[in-house]
Amino acid sequence: MQSEIGISLYSSENVIAGTEWLMPSTIFLTFSANNILSYDQYVDSFISDYTDIINRLKANIPYARIYVQGILPCDPAFVDEYPYYHYRDEYNARLEEMCNDLGVNYFDVSFILEAHPDIYSDDGIHPRWPFYPLWLTYMAEISGLAEVK
């Protein structure tokens, strides 16, 4: 498994190369808060960079099923502290459109945070540990990995 905390689209080279080396059958891509902070209102640039990564993965691991997660919401009490979150809906709409165009799967787990608002950490952006089992269970279910024995 390849992952890195705090990674962004423009700093993902090592993780993408490691993913290609592993040749997985299923890939989950989750670029969230760190990216909308970096790209701010420049959604086109974000989508272009994301498209490049997906096209690279599809070229090098053509049989892999790719899942792209929408950008998580921040705690509503913090939205004014993070003005770039005002673009979240636009980012997610464009991510979903990109996924449709590229033939990959889009998914959104916002419902988990909406159902459990106490899961946010003190910064109002990052979920605390109770989120992760719910998140992983959902990803396993939508990808069919929950049925793999």
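Confidence in this predicted model bottoms out in helix 2 (residues 33-39), where the mean pLDDT is 77, and peaks in strand 3 (residues 105-107), at 98. Over the protein as a whole the average is 89, with 91% of the residues scoring at least 70. As a rule of thumb, predicted coordinates should not be read in detail where pLDDT is low.

Helix 3 (43-60) is a good place to start on the architecture. Its 18 residues should span 26 Å at 1.5 Å a residue, and the end C-alpha atoms are indeed 26 Å apart, so the two values agree. The buried residues here are Val 43, Phe 46, Ile 47, Tyr 50, Thr 51, Ile 53, Ile 54 and Leu 57. Together they cover an arc of only 165° around the axis, which puts them on the same side of helix 3. Asp 44 and Ala 59, by contrast, are exposed on the other side. The cover over the buried residues of helix 3 includes helix 1, strand 1, helix 2, strand 2 and helix 4.

That buried side feeds into the main nonpolar core. Nonpolar side chains tend to be buried together in soluble globular proteins. Here the largest such core has 31 residues, and the members touching the most others are Leu 29, Tyr 50, Ile 54, Val 68 and Met 98. Strand 1, helix 2, helix 3, strand 2 and helix 4 (88-102) each put in at least two residues, with helix 3 giving the most, at seven. Val 68 shows what this packing looks like up close: setting aside neighbours within four places in sequence, its contacts are Leu 29, Tyr 50, Ile 54, Leu 95, Met 98, Cys 99, Val 104, Asn 105, Tyr 106 and Phe 107. There is also a second, separate core of eleven residues, among them Leu 72, Ile 112, Leu 113 and Trp 135.

Trp 135 leads on to helix 6 (residues 131-143). This helix has 13 residues and reaches 18 Å from its first C-alpha to its last, close to the 18 Å expected at 1.5 Å a residue. Its buried residues are Phe 131, Trp 135, Met 139 and Ser 143. They sit within an arc of only 75° around the axis, and therefore on the same side of helix 6. The spacing fits a general pattern: an α-helix has 3.6 residues a turn, so residues three or four places apart point the same way. Strand 1 (26-29), strand 2 (65-69), strand 3 and helix 5 (110-115) are among the elements covering the buried residues of helix 6. Just after the helix, Gly 144 takes a positive phi of about 85°.

Strand 1 is also where Ile 27 is found. Ile 27 has a relative accessible area of 5% and so counts as buried. Beyond the residues up to four places away in sequence, Ile 27 touches Thr 19, Leu 57, Ile 61, Ala 64, Arg 65, Ile 66 and Tyr 67. The C-alpha atoms of Ile 27 and Ser 143 are 9.6 Å apart, although 116 residues separate the two along the chain.

Aromatic rings turn up repeatedly, with 15 pairs in the structure. The Tyr 82 and Tyr 84 rings have centres 5.9 Å apart and planes at 55°, so this pair is tilted. Both tyrosines are buried, Tyr 82 at 16% relative accessible area and Tyr 84 at 11%. The Phe 131 and Trp 135 rings, with centres 5.6 Å apart and planes at 25°, are stacked. These two residues lie four residues apart in helix 6, or about one turn of the helix. Phe 131 has a relative accessibility of 1%, while Trp 135 is buried at 16%. Elsewhere, ring pairs link Phe 28, Tyr 67, Phe 107, Phe 111 and Tyr 138 into a cluster.

Two loop residues deserve a quick look for their backbone angles. Met 23, in the loop between helix 1 (13-22) and strand 1, has a positive phi of about 55° despite not being a glycine. Met 23 is partly exposed, at 37% relative accessible area. Asp 40 sits in the loop between helix 2 and helix 3. This residue, also not a glycine, has a positive phi near 50°, and Asp 40 is partly exposed at 28%.

Note on methods
Residues are numbered from 1 along each chain as its sequence is written. This is a predicted model: local features need pLDDT of at least 70, side-chain atom pairs count only at pLDDT 80 or more; totals for chains, interfaces and linings use all residues. Side-chain values use heavy atoms; hydrogens and water are left out. pLDDT is the predictor's confidence in each residue, from 0 to 100. The expected span of a helix is 1.5 Å times one less than its number of residues. Buried means under 20% relative accessible area, exposed over 50%, partly exposed in between (1.4 Å probe, protein chains only). The arc is that of the directions from the helix axis to the C-beta atoms. Contact means heavy atoms within 4.5 Å. Rings of Phe, Tyr and Trp (its six-membered ring) pair if their centres lie within 6.5 Å; planes under 30 degrees apart count as stacked, over 60 as edge-to-face and the rest as tilted. A nonpolar core is a set of buried Ala, Val, Leu, Ile, Met, Phe, Trp, Tyr and Cys residues joined through side-chain atoms within 4.5 Å.
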